[in-house]
Structure formats: structure tokens, C-alpha cells
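Hi,

Here is the structure I promised to pass on. Have a look, and then read my notes underneath.

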Amino acid sequence: MQRENYYIILELSVDPPENDREVIEKAIQNKKIEWSRLRNHPTKGLQIQKYINMIPDIQFVMQDDKLRAEEALAAAEFIESGRENKISEIDSHIDILMGKGYISKEDIIRLAEIHGLSQGDINERIASKKNAKYVRVDQFINLRMGKGYISEDEVIKIAKKNGMTPEEIRNRIRCPIVKDDKDIDHLKIQPLDKSIEKAITDNLKVVGKTSLYNFLGLAETCELKQLQEKAGKKKKELATIGKKDAVLTASVTLAGQCQTIFKTNETRIAYDVSLARAKLAALDSDINIAAINKKIRHEYFDALINKAMEYGMDKDEASSYIQTYCQNKKYRIEKKPEKKRFRLMIAAASVLLVLIIVAGFMAFSKIHHRNVIESEYQDLIKKVDAERAPDQKLLLLKKYVTTNANSEYAADARNRISQIELQINSTEFGKILQQADQLVQAQKLDEGFTLLNQALEKTSEPENKKIISQRIKNVSELIEKRDFEELSAVSLKGDADQKIEIYKKYLTTHPNGKNKAEVQALIDKMSDEYFIYVSKTLASYEQSEQWEDCARLCQSYIDIYDNSHSDQLKQLIPKYQENIRNEKIYDALVDKVNRLGTDYKAAIQIFKDYLAAYPKTSITEKINKNIDRLNGLMSVQNSNQAAYNLRLQFAKTKGRFVEKPEGVIVDTKTGLMWCMLDSTIIKPGVCFTYEEGKSYTEVLTTGGFSDWRLPTPQELAEIYKTDPAFPATGKTSYWTSESYSGYSDGWQIQVTTFSSEDSIHWETAKKNALECGVVRPVRNP
């Protein structure tokens with residue numbers, strides 16, 4: 001790998017690979033935090049800075065589906081390679097510790113700590129190593145069973161050679177064990193009858209197996225009961241096969257022979273003896289073949305020793321057996337040439353030999369390297385062929401091209417990539433056409449049309465473009481036909497605006513439609529009908545001051561028609577545009593006023609200033625309504641403030657004047673109930689005539705009461721002239737209920753008022769009922 005794998009750096013799951021974008025992004029953010037904290041670390045700082053610099057590339061690769069898949073594959077390969085290396089290292093340590101014949105619990109704990117594994121994992125590797133050793137041990141045992149027994153000396157020798165105890169060896173031996181070769185007179189073990197042995201061998205050749213154990217798929221060391229059960233099961237399975245052939249016939253025969261041979265331990269041992277002797281017979285045959293003219297070359301002798309070791313002999317046993325066999329057969333074994341005889345020859349040829357070796361090594365290296373590259377590529381092709389998904393095939397091939405750009409097989413890989421991409425495109429192209437056809441059949445014409453246009457943009461194959469273009473043309477004709485049918489239905493039943501809208505939509509969507517002329521004629525024919533609709537709708541819009549809609553509607557007619565109606569509408573547009581401008585001004589004024597909050601006086605002034613500059617506009621009425629609204633709010637504001645001030649003053653009247661309920665003052669001395677606020681506060685700037693004052697009082701509902709009246713002069717004098725007095729401010733002239741008719745330059749109604757110039761000195765006075773005064777309503781309890 002050119003760089004560290006991002007899955008491993010981010011500590012993400014590789015099997016199965018993590019593909020959740022949110023999980024990946026969270027892992028990147030966590031690593032950013034960790035690396036930022038360690039960037040100044042005295043030993044890790046350089047590596048951490050390297051990781052920080054890699055963050056943009058990490059984000060790019062891990063957010064791209066294809067690149068992320070390649071990264072996951074590389075991570076899996078890296079982990080597998082590391083696992084194999086780790087297993088090799090663990091096995092090496094186990095071999096060393098097993099040199100003493102066993103591995104203690106302390107050894108297992110230590111190995112687990114060193115390699116970061118569980119004790120269970122270490123035990124599994126130990127078991128695996130032992131199983132491998134047992135295979136070799138069984139080879140030694142099986143070969144020695146050829147004589148029908150095994151001696152104690154042989155047991156000890158096998159145990160010592162394989163680092164095991166004699167007891168472990170004895171447990172694996174199935175034939176009798178004797179003290180020495182002299183103690184065999186009582187043994188009656190014999191190999192199988194030659195005819196039976198030949199029948200078994202012939203049938204095994206037919207089915208391609210080496211032994212009855214191999215035929216049953218069991219080890220030679222397995223229990224007798226297991227062999228019996230497997231033999232019976234095998235025979236039942238074969239009985240269910242209907243088609244008869246040579247292999248089946250031989251298999252049925254072998255299954256029966258297994259049941260016979262493995263019926264008892266004695267017959268099994270007899271078969272094992274025959275099996276061992278067969279191996280020795282095969283070795284004898286190899287010796288006979290090597291003995292050309294009764295002489296065995298030293299090269300052949302070495303090869304025969306290796307063959308004997310494969311059967312289960314050690315090197316000394318193999319050499320002794322072959323030499324003994326050759327003595328009996330009177331074969332001569334050629335000795336290896338002595339060094340003295342060839343000393344001069346070696347000296348003379350040493351330089352030449354070195355040159356040959358070097359040249360040969362270079363040639364071999366080149367050939368070997370080429371073979372390795374070819375083998376790797378062939379393995380890749382097998383993986384590619386085994387993959388069903390084309391995108392996975394592409395992933396494997398593209399990774400090879402990226403990492404082996406200069407390889408002689410890169411061109412072939414690129415060619416395969418092109419073929420697969422062509423296959424994918426062809427498959428996708430067919431799917432798109434099929435999907436489009438299904439949409440059209442379901443009358444989802446617009447979706448089918450969109451799908452085909454998207455496919456046309458993506459494809460680069462001329463033939464595919466031609467096919468898609470024809471499909472688009474066909475679907476367009478179907479859409480035009482559908483739209484015209486909808487248009488025809490609306491032209492009979494629709495309103496004027498619906499007709500115009502669908503006519504315009506048809507011409508926009510199908511500028512070259514075959515019904516274009518007919519649709520245009522329909523539009524021309526309804527100019528009066530549409531003008532009537534526009535006129536009525538404009539009246540409605542004007543009433544609700546929808547000026548932009550007015551302008552839009554006029555323009556829609558003008559865009560279609562050029563006649564006297566459109567001329568009329570053109571004259572209206574400037575007025576609508578002016579109104580639109582005024583509405584924007586009004587919105588700006590309102591926004592400015594709203595920013596003033598409760599400063600109603602300043603807000604009112606803003607509106608008044610505009611009216612002074614532009615007294616007659618389309619927004620004048622709305623501005624005046626706002627001024628009235630603000631005046632009302634200011635009146636309430638002033639009333640509240642006045643009420644607050646009066647409550648402070650009432651608190652100083654030593655309990656004479658009490659507010660109960662809100663807005664109503666009770667004179668505890670007389671029991672009369674007075675309005676806290678007089679008319680100057682409720683109606684600021686308004687001065688009432690006598691009749692207006694009476695009317696104001698009659699409709700008053702302060703405190704929830706509706707029986708308010710004008711007070712008498714004596715009642716007013718009681719609250720203003722008797723301490724503690726009712727609070728008053730400024731010059732005031734209150735209307736009373738006392739009135740009479742008098743003549744002075746004509747008949748007049750005179751009213752007694754209760755007045756003060758300074759809120760301290762009060763007096764009664766006569767006043768014409770048409771003059772202006774203030775009202776302080778009162779009611780009886």
C-alpha cells in the first residue's frame with residue numbers, strides 16, 4: 001500500500017465494511033479531535049501531523065461509494081495478510097515451547113499477552129499444531145503396522161522423535177504392541193486375503209480413492225463405531241440413486257466391503273496391515289524401477305529415501321530399509337563421488353559455474369517474476385469471473401490497473417473494463433427503455449418523456465441516441481394528442497380564464513404541434529369573451545385594492561390581442577402602476593411607524609407629514625384610518641397614565657375616595673359613585689355642549705354600570721370644596737343637571753356650571769347650553 005488504509009486509520013468495521021455516511025463522518029470528526037490533541041506530542045507528533053494533512057483526502061475517498069468500496073477491499077486484504085503473518089509468528093513460538101514435550105498453562109497465558117489474543121485462540125493454534133503432528137505420527141505408526149505389530153522400542157522412538165510421551169503414542173496404535181520382536185509367537189494377525197485386497201484396490205481406482213478410510217471420508221485413527229455408522233449410512237445413500245454406472249456399482253461394492261472390514265477390530269487391523277504392506281510394496285516397486293542393470297545411482301537413492309520418508313520412515317530407517325532390500329535383491333548402490341577425485345575439475349570449472357549460476361539465476365528470476373505476475377493476473381481473472389455483480393468485476397479490474405499500470409496485462413485489464421462497462425451500459429439502456437415503455441403504457445407520459453430525455457443526455461453511443469430520439473418523438477406525439485383532447489374538453493365547458501390558460505399552455509408546450517393552427521383560431525375567436533372576463537375581474541381586484549393583479553391581468557390580454565379592448569386596458573396600466581407604487585410607499589410608512597413602538601404622537605406625525613405633501617392619493621383613506629387608530633391608542637395610553645396619577649392622589653385622601661370597581665371612585669362620605677376620569681381625558685380635545693354632555697353620560701358604561709347622570713352643583717361642591725377634596729387639574733367648567741330657560745336676545749337654555757380657574761377656587765356660574773363644557777358623571781349607589 002502506498003499509504004495507510006483509511007478504514008484502519010478511522011477504526012471502522014471492515015467485515016462487513018461500514019458504509020453509513022453519518023457513522024463515517026462521525027468517526028472522522030472524532031479523529032480530528034484526537035489528532036488535534038496529540039499534534040504536539042513529543043513522539044507521535046510527526047505521525048499525527050501526517051494524519052491531519054490527510055483529512056481532505058480521507059473525506060473525499062470515504063464519501064465516494066466506488067473509492068470507499070476499493071478502500072474496504074484493500075483493508076480486508078491488509079488485515080488478512082497481517083493475520084497470516086501473525087499466525088506464522090504464533091506457530092513459531094508454539095514450536096519453541098513444545099520443544100520440551102508440552103505447553104504449560106503459564107506458557108499459554110504468556111503467549112496470549114504477547115500476541116494480544118485470548119487464551120482460547122492460543123489453545124486453538126496449539127490444537128492445530130498437534131493435529132499436524134498427529135498426522136506425521138500416524139504415518140510412522142501405519143507404516144510399522146505392516147508386520148502386524150509394533151514393538152515398545154518403536155513406540156519410544158516415535159515418541160522421542162515427535163516430542164510426545166510413549167503413552168500418547170500407544171493411544172494412537174490400533175495393532176498389538178510387543179516388548180520386542182522376539183515376543184511375537186502368540187500373535188496370529190494376518191493381512192487380508194489377496195483376492196479381497198485386490199477387489200478393494202480395483203474398486204478404489206474406479207471411484208478415485210486411495211483407501212476405504214478415504215472412501216468414507218474419515219481419518220485412519222477414528223473410532224471403530226464411527227466407521228461402522230458411516231459405512232451403513234453410505235450404503236443407504238447409494239441405494240437411493242437410480243441411475244446405475246461403473247462408479248455407482250464400485251461405490252456400492254466398497255460400502256459393503258467397509259461394513260465387512262470394519263465389523264470387528266481384528267478385521268480392521270488386518271486391513272491396516274494390508275494397507276501398510278501395500279505402501280512398502282509400492283516402495284519396493286520404486287526401488288526395482290530405480291535399479292537399472294542392478295545398479296542404483298546415488299541420485300536415485302536420495303529420491304527413494306525421500307519417498308520412504310513420505311510413507312512414515314525417518315531418514316535412518318529409510319536408508320537401512322533400502323540398503324537391506326538391495327542386499328537381498330543383490331542391487332549395488334552407487335556411492336557419491338569423492339571430493340578429491342574432482343578437485344581439479346571443480347577448480348577449473350568454478351569460475352564458469354559461477355557465471356552460469358549468475359546467468360541462470362538472472363534468467364530464472366526474470367522468468368519467475370514473469371510467472372508470478374502472470375499467476376497473479378490469472379488469479380485476478382478467476383476472481384472477476386466468479387463475481388456475479390458487474391460493478392464488483394469493475395472494482396477488481398480497476399484496482400489492478402491502478403496498482404499495475406505498467407504491467408503487460410494492464411492493457412488486457414483495460415479491455416475487459418471496457419467490455420464490462422459496455423455490458424453494463426447495454427443492460428442499463430435496456431432497463432431504461434423497458435421502464436419508459438411501462439410508464440407510457442400506464443399513461444404516465446410526462447414521466448416517460450423525462451426519463452428518456454435524461455437517458456439521451458447520459459448516453460454516448462450513436463445507435464442508442466438514435467433509438468432514444470425516436471422514442472422521445474413517439475411519446476411527444478402521444479403527449480400532444482392527450483393535451484389537445486384535454487383542451488377540447490375545456491373549450492366546451494371551461495370559463496374564459498381556463499380556456500385562455502390551457503390554449504397558451506398548449507402553444508408553449510407544443511410550438512410545432514399539428515393542432516397549433518386550430519388552437520390559435522380558438523384564441524382569436526374568444527377575444528370579446530375574454531375581455532368581458534377581464535373587465536369583471538378588474539372591478540373585483542380594484543375593490544380589494546389588488547393592484548398588481550390588475551396590472552397582470554391587463555397585460556395578459558394585451559400580450560394575446562391587439563384590438564380596441566387592449567387599447568383600453570393599456571390606458572389603465574399607468575394608474576395601476578401608480579397605485580402599486582403608492583402601496584409600497586404605504587408599506588414603508590407603516591414599517592417606519594411600527595418601529596416607533598408606543599410613541600403614538602410621533603407615529604401620527606409621520607402620517608400627517610405625508611398627507612401634507614400628498615393630500616390626494618390612493619392610500620389617503622388608509623392613512624387617515626391609521627391616524628384614527630393611533631389617536632385611539634394614544635387616548636387609551638393617556639387615560640391609563642391619568643388614571644395612574646389620580647390613583648396616587650386618591651391614596652392621599654385618607655380613605656375618603658376609594659376605587660371600587662376599577663375606574664369608579666366611591667365617596668365614602670356621601671356614598672356617591674364618580675367616574676375616575678372626566679370627559680377631557682376620555683375624549684381629549686373634545687368639548688361638549690350641554691346636550692352632548694347629557695348624551696355622553698347616558699351611553700357611558702364605566703365599571704359595568706349604565707345609569708350614569710350629570711351631577712348637581714351641590715354634589716360637585718361636596719367633592720371639590722370639602723377636604724380632603726377630589727383631585728382636579730387646571731381650568732375646568734363642569735356641566736351640572738340644573739338648567740332653565742331665559743330670554744336674552746332670544747330664548748336660551750341656561751345651565752348651572754361648577755367651574756374653577758386654578759383647581760382650588762370653585763364657583764357656580766350660568767352658561768349657555770350651546771357653549772362648551774366638561775362632564776364628570778356620577779351615579780347613586
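Below are some notes on the cores and the largest pocket.

First, the fine print: this is a predicted model, where local features need pLDDT of at least 70 and side-chain atom pairs count only at pLDDT 80 or more, while totals for chains, interfaces and linings use all residues. Residues are numbered from 1 along each chain as its sequence is written, and side-chain values use heavy atoms, with hydrogens and water left out.

The largest nonpolar core (buried Ala, Val, Leu, Ile, Met, Phe, Trp, Tyr and Cys joined through side-chain atoms within 4.5 Å; buried means under 20% relative accessible area with a 1.4 Å probe, protein chains only) has 27 residues, and Tyr530, Leu538 and Leu569 touch the most other members. Helices (DSSP runs of H or I, at least four residues, numbered from the N terminus) that each supply at least two of its residues include α20 (462–493) and α25 (564–594). The top contributor is α24, with 7 residues. Leaving out residues up to four places away in sequence, Leu569 is in contact (heavy atoms within 4.5 Å) with Phe531, Val534, Leu538, Cys554, Tyr557 and Ile558. Another core, of 24 residues, lies apart from that one and has Leu192, Phe215, Leu248 and Ala250 among its members.

Now the largest pocket (on a 1 Å grid over the protein atoms alone, an open set of points where a 1.4 Å probe fits, with protein on both sides within 12 Å along at least five of seven lines; lining residues have an atom within 4 Å of a point). Its lining has 24 residues, with Ala74, Glu77, Lys399, Tyr400 and Thr403 nearest the centre. Helix α4 provides the largest share of that lining, 8 residues.

Cheers

Notes: Buried means under 20% relative accessible area, exposed over 50%, partly exposed in between (1.4 Å probe, protein chains only).
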